[in-house]
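User: I would like to go through the terms used for this structure one by one, and to see each of them set against its definition.

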Amino acid sequence: MSPLTRLLEVVGRLFVGLLLAFLYLPIVIMGLMSFNASPFYMLPIEWSTTWYVQLAGNAQLVDASLYSLKIALATALIATTLGTAASLALFRYEFKGKKILQALLLPPIAIPWLITGTAMLVFFFGVGIGRGLHALILGHVALALPYVIIVNNARLKTFAPELEEAARSLGANQWQVTRRVTLPWIAPSVVAGALFAFAVSFDQFVVSYFLATPGQTTLPVEIYAAIRKGFTPEINAVSTIIIVLSMALMLFTARFYKFGGND
Amino acid sequence: MASVEVRNLSRSFGTFKALDDVSISFEDGGFYALLGPSGSGKTTLLRLIAGFGYPDQGHIAIGGESVERVPLEKRNIGMVFQSYALFPNMNVFDNIAFGLDVRGVPREDAAREVRRALELVQLSELETRRPHQLSGGQRQRVALARAIVINPRVLLLDEPLGALDKALRLDMQVELKRIQREVGITTIFVTHDQEEALTMSDRIGILRAGQLVEEGAPEDIYRRPKTRFAATFLGEANIFEGIWTDGRLRLADGTLLETAPGAGRGATGEPGCCLIRPEQVRIAGENDGGTGNRLEGRITRRLFAGNWTTVFVDYQGKTIRVGQANTDFLKLEDGSKVTLAFSGSNTIPLQS
Ligand SMILES: Nc1ncnc2c1ncn2[C@@H]1O[C@H](COP(=O)(O)OP(=O)(O)O)[C@@H](O)[C@H]1O
Ligand SMILES: [Mg+2]
């Protein structure tokens, strides 16, 4: 190995190290502080679970968490069902405007949520949908759908259309073909899509902020409100719980993707 | 089991005519090969019979019953794909049982049928394997068993042996033929391999650019093709071009070739061509008088292939192939002058 390549390698490792540090250090610190008895981040850490106990007693935060969970589950269920059906339709049929329709799936991902949220608020009020649980779910499903469809489309690219043809030639109707041949193949992407949908909904701040009714709101909105009132380490605690859960979910997806690999 | 009737079938993709007015009948229990170069419409024809899409024009009847408006899943047809299209999420047994399952056949009956099909294709030990754990030949057999187990009226195979290597392909040809005979099912087999078509089928249909060029028993098509395309596509061919003169073909050097009677003969003065197969050409001895067609040429090359020798003879700048089982040919030297002899009855007039 020449000195230059060795140097490049060192620089490369350093870069990756810094990157990981920037990504994970704040999270690690937050996690540590959630176990620190001092509300002023005094060092050394005095280990304690007091903030978790207080969190459990904080009805507002717990309510908001459950509300968020409910919305995220509903969003995942609806967006996954609709999105998977849409992916199958895009896979199976040729129709006018298919290309345009597929292209239209991408911009919503790139449009800032602030803009999408404002647009939804204006639109929902305009057509009388208003705010509240139904509006939140509707908005979140709309946000999550493109993710579900895109993930499924990618998986369907690896699916041989002859498999559906073979199943049909063997006498299977459309539903039997879907359930017994196609869905088993795209199961990993359906799960991944559901997780995406869940995450999009659960993490959602802007759209939720606009569409929630003042009395009852979602966790991210509640956290934001709490921070404005005055930061308490309870927030660290709830954030740590969320991070652990979402990491677990993501790792699970990654594994599922691998397991659902080619065969 | 049933016959298949195809009448005036046409199918276009955009402005491109993939099938152009094709009529052909497949008799009950027969083994048919559809032969043609790539892109000639073989798959398109097979898929229309199966029910993947509908023709622009024409009629298809299976067992005397018109099926143009019958959807694919109701046609009761066994289809084997070139890629086999085995379901990757199911083992061998479940793959084969699929068609019975979706028909609601009770489990025990289905299991019995599946085992019988497995026996037929000699795969009984492998029923719990997944498709990716099988060799190409085994996948082929599973695909075949899966298509046959539903007791279809017709078996359609789209280049089923194309993905196998040569030795395995020969084995599978024999195997496929045995299974077809045992089951007695009407079989339509697409291939672009002329040898495969010749050895396996009762009848061959030759397609070219979406049209059925010729149809008949392998021997007839090989020995007495009607068209130049069929003559050159099926086997090795020596083609002579010339002008028709009272049923004989006048070559450029003035030689008159005797020809067999046939529709390919043109009226006197018309340009035309005729076929002589390499194995019908003899190299005549010195005192070998004889009748029939005789041409003088020079040997340019000899090709020894074990049980067969091909001699290339230059005649007026044109290469004529002479093929014989006789290895005496090898003694002849390149460049030596020879007389080629072949009978008029084996010289077949062709429509171009
Ligand atoms: N779905 C399709 N769309 C457009 N063109 C097609 C389609 N299917 C077949 N073709 C065209 O029709 C012609 C015949 O195809 P095919 O029947 O597959 O030929 P073969 O099986 O003899 O190779 C080809 O030129 C092919 O490109
Ligand atoms: Mg083909």
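Analyst: A residue is called buried under 20% relative accessible area, exposed over 50% and partly exposed in between, with a 1.4 Å probe and protein chains only. By that rule, buried residues make up 40% of the 263 residues in chain A. This is a predicted model, in which local features need pLDDT of at least 70 and side-chain atom pairs count only at pLDDT 80 or more, while totals for chains, interfaces and linings use all residues. Residues are numbered from 1 along each chain as its sequence is written, chains are lettered from A and ligands numbered from 1 in the order in which they are written, and side-chain values use heavy atoms, with hydrogens and water left out.

User: Why does A:Thr182 count as buried?

Analyst: The relative accessibility of A:Thr182 is 0%, and the limit is under 20%, so A:Thr182 counts as buried. A:Thr182 is found in helix H9 (residues 174-202) of chain A, where a helix is a DSSP run of H or I of at least four residues, a strand is a run of E of at least two, and both are numbered from the N terminus. Contact means heavy atoms within 4.5 Å; leaving aside neighbours within four places in sequence, A:Thr182 touches A:Leu88, A:Arg92, A:Leu156, A:Phe159, A:Glu164 and A:Val177.

User: What span does helix H7 of chain A have, and what is expected?

Analyst: The expected span is 1.5 Å times one less than the number of residues. For the 24 residues of H7(A), 133-156, that gives 34 Å, and the 33 Å from first C-alpha to last is close to this value. H7(A) nevertheless bends by about 35° at A:Ala144, with a proline, A:Pro146, following within four residues; the bend is the angle between axes fitted to the seven residues ending at a residue and the seven starting there.

User: What makes H7(A) largely enclosed?

Analyst: Of its 24 residues, 17 are buried, so H7(A) is largely enclosed by the rest of the structure.

User: Which strands of the sheet E15-E19-E16-E17-E18 in chain B stand at the edges, and why?

Analyst: Two strands pair if DSSP finds at least two bridges between them. The 5 strands form an open sheet with antiparallel pairing. Strand E15 (282-284) and strand E18 (318-324) of chain B each have a single partner strand, so one side of each is left without a neighbour in the sheet. Inside the sheet, E16(B) (residues 293-304) and E19(B) (residues 337-342) pair over 6 bridges, in the antiparallel sense, and B:Arg298 has B:Lys337 in E19(B) as its bridge partner.

User: How do you know that helix H1 of chain B is largely enclosed?

Analyst: In H1(B), residues 42-50, 7 of the 9 residues are buried, so the helix is largely enclosed by the rest of the structure. Among them are B:Leu45, B:Leu46 and B:Ile49. Just after H1(B), B:Gly51 takes a positive phi of about 110°.

User: How is the area between chain A and chain B defined, and what is its value?

Analyst: Buried area is the accessible area (1.4 Å probe) that two parts lose on being put together, summed over both. Chain A and chain B bury about 1900 Å² between them, 62% of it on carbon and sulfur atoms. In chain A, A:Ser169, A:Leu170 and A:Arg180 lose the most area to chain B, together 36% of what that side buries. The contact takes 16 residues from chain A and 23 residues from chain B.
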